[in-house]
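This report examines selected local features of one protein model. It proceeds from a helix to the nonpolar core, and then to individual residues and backbone geometry.

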Amino acid sequence: MVANAHASHSTSSPYRRFLDPLKGKELTPPPIWLMRQAGRYLPEYRATREQAGGFLDLCYSPRLAAEVTLQPIRRYGFDAAILFADILIVPDALGQSVRFEVGEGPRLDPITTEKELARLRPDATGKKFAIICETVQRLRQDLPAETALIGFCGAPWTVATYMVGGQGSTDQADARSWAYRDPDGFQKLIDMLVEVSVDYLSGQVKAGADALQIFDSWAGSLPDNEFARWVIDPTRAMVEALKARHPEIPIIGFPRGAGASTAEFVTATGVDGVSCDTAMPLCAMRELAELDVAVQGNLDPLLLVAGGEALDRRVDEILAAMKGRRHIFNLGHGITPPTPPENVARLVERVRGGAG
Ligand code: CP3
């Protein structure tokens, strides 16, 4: 990529249309980026990934991580790039060794007691966070000036589900059980994650991120009172702390599966944007947009695998439903590996050309 953006991190930033809906302005056509836009569906990602060795080696190589972040920008010209890393960088930096086993997803040595919690080293996270921030710095130099850069981390609840379960699960039973059995002990883990995640995201902003997204992929597994304590409260604490340090930074929350609790999530946390999963009805997305928030979403990633007229039809429905509102076009969840890259091109063209 040509480094044509050297002025971009100076005092006056160039115009980045992605940021408009987050700052209160509706745009037609809406800005577009896709969760997991860098990844295995792209042959150039698979090649770089192979060069890096392991998945975490890729995350901890600023040069290669920046390269895979740029790949989908070169192909599709999305309005925003998202830093290439993973939500499990935080437990890894805390000293809970994280492994990615081929074809199996992440593995961690589970933490289920306060005693095991005491072994984590919040003070030692700086070194690994600094490597990720170096990727952010490189990206702000190498991205086109008009492309926004999104920094991210996992929300405390979702990261905790992996730390406690030691791997992904369909019901997050281990974390939910600890939270019921010993809420005070579990709260210590959540509080630690709030604190280090704020430092991590603050470092990303200082390094050049234009906006932040907090991924709460497992927000939907909690009953409402637990949702308030483990999803809303920690997110609000993070938003408050980040806004105190960086008053202008837009923050998007992604409480996946939150359903009828999403409106409360928006008003109680103070996020500037909310990302909606595929199951959120379009009429509910429209209502959310009345809450002084940008609404992101929510195409089914499987439609991007299917392509064709079914894809076009749904894209048009989403655009029509969100027309005139503060909308950011995205999927309801990440791109999956079987996605044909040409379907992504078709989607971008449809959103950019068909919305007028
Ligand atoms: O969106 C992007 O392009 C930025 C990079 C990004 C990755 N993971 C890269 C990745 C982001 C934002 C994430 C977030 C993430 N990671 C979440 C939250 C979003 C969601 O999907 O719900 C979660 C839960 C994780 C944890 C995680 N990382 C799992 C469960 C897995 C294994 C599943 C899988 O898809 O293989 C990962 C690995 C991972 N993270 C890959 C990528 C591109 C695939 C690894 C590979 O190349 O082999």
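Where does helix 3 bend, and which proline follows within four residues? In this predicted model, the bend lies at Leu 70 and amounts to about 25°. The proline that follows within four residues is Pro 72.

## Helix 3 and its surroundings

Helix 3 comprises 15 residues, 62-76. From its first C-alpha to its last, helix 3 reaches 22 Å, which is close to the 21 Å expected at 1.5 Å a residue. Just after helix 3, Gly 77 adopts a positive phi of about 60°.

Helix 3 is mostly covered, with eleven of its 15 residues buried. Leu 70, the site of the bend, is one of these buried residues, as is Pro 72. The others are Pro 62, Leu 64, Ala 65, Ala 66, Val 68, Thr 69, Gln 71, Ile 73 and Tyr 76. The elements that cover the buried residues of helix 3 include helix 1 (43-52), helix 2 (55-59), helix 6 (126-142) and helix 15 (341-353). Strand 1 (80-82) also belongs to this covering.

## The largest nonpolar core

The largest nonpolar core contains 123 residues. Within this core, Phe 18, Phe 186 and Leu 189 touch the most other members. Helix 9 (residues 183-207) supplies the largest share of the core, namely twelve residues.

Which residues does Phe 186 contact, leaving aside its neighbours within four places in sequence? Three of the partners of Phe 186 are tryptophans: Trp 157, Trp 178 and Trp 230. The remaining partners of Phe 186 are Ala 160, Val 164, Ala 175 and Ala 179.

## Two buried residues: Val 274 and Thr 339

Val 274 is part of strand 7 (residues 273-275). With a relative accessible area of 0%, Val 274 is buried. Not counting residues up to four places away in sequence, Val 274 touches Ile 252, Gly 253, Pro 255, Thr 262, Phe 265 and Val 266, together with Leu 288, Val 293, Ala 294, Val 295 and Gln 296. Val 274 and Gln 213 are separated by 61 residues in sequence, while their C-alpha atoms are 9.1 Å apart in space.

Thr 339 occupies the loop between strand 9 (327-331) and helix 15. It is likewise buried, at a relative accessible area of 2%. The side chain of Thr 339 reaches the backbone oxygen of Thr 336 at 2.8 Å. Leaving aside neighbours within four places in sequence, Thr 339 is in contact with Tyr 41, Leu 304, Val 305 and Val 344.

## Cysteines

How many disulfides does the model contain? The count is zero. Cys 59 takes part in no disulfide, and the nearest cysteine sulfur, that of Cys 133, lies 14 Å away. Cys 59 counts as buried, at 0% relative accessibility.

Why does Cys 283 form no bond with the closest cysteine sulfur? The closest cysteine sulfur belongs to Cys 276 and is 11 Å from the sulfur of Cys 283, which is too far for a bond, because a disulfide requires the sulfur atoms to be within 2.5 Å. Cys 283 counts as partly exposed, at 44% relative accessibility.

## Backbone geometry

Two cis peptide bonds merit description. The bond from Thr 28 to Pro 29 is cis, with omega near -10°, and Pro 29 is placed in the segment before helix 1. A cis peptide bond also joins Gly 297 and Asn 298, where omega is about -20°. Asn 298 is placed in strand 8 (residues 294-299).

Positive phi values also occur in residues that are not glycine. Is Arg 36, with its positive phi of about 55°, buried or exposed? Arg 36 is exposed, at a relative accessible area of 52%, and its place is in the segment before helix 1. Gln 172 has a phi near 55°, a positive value in a residue other than glycine. Gln 172 lies in the loop between helix 7 (156-165) and helix 8 (173-181), and is buried, with a relative accessible area of 3%.

Key: Residues are numbered from 1 along each chain as its sequence is written. This is a predicted model: local features need pLDDT of at least 70, side-chain atom pairs count only at pLDDT 80 or more; totals for chains, interfaces and linings use all residues. Side-chain values use heavy atoms; hydrogens and water are left out. Buried means under 20% relative accessible area, exposed over 50%, partly exposed in between (1.4 Å probe, protein chains only). The expected span of a helix is 1.5 Å times one less than its number of residues. The bend at a residue is the angle between axes fitted to the seven residues ending there and the seven starting there. Contact means heavy atoms within 4.5 Å. A nonpolar core is a set of buried Ala, Val, Leu, Ile, Met, Phe, Trp, Tyr and Cys residues joined through side-chain atoms within 4.5 Å. A polar contact is a pair of N or O atoms within 3.5 Å; within protein, one must be able to donate a hydrogen and the other to accept it, and residues adjacent in sequence count only if both atoms are side-chain atoms.
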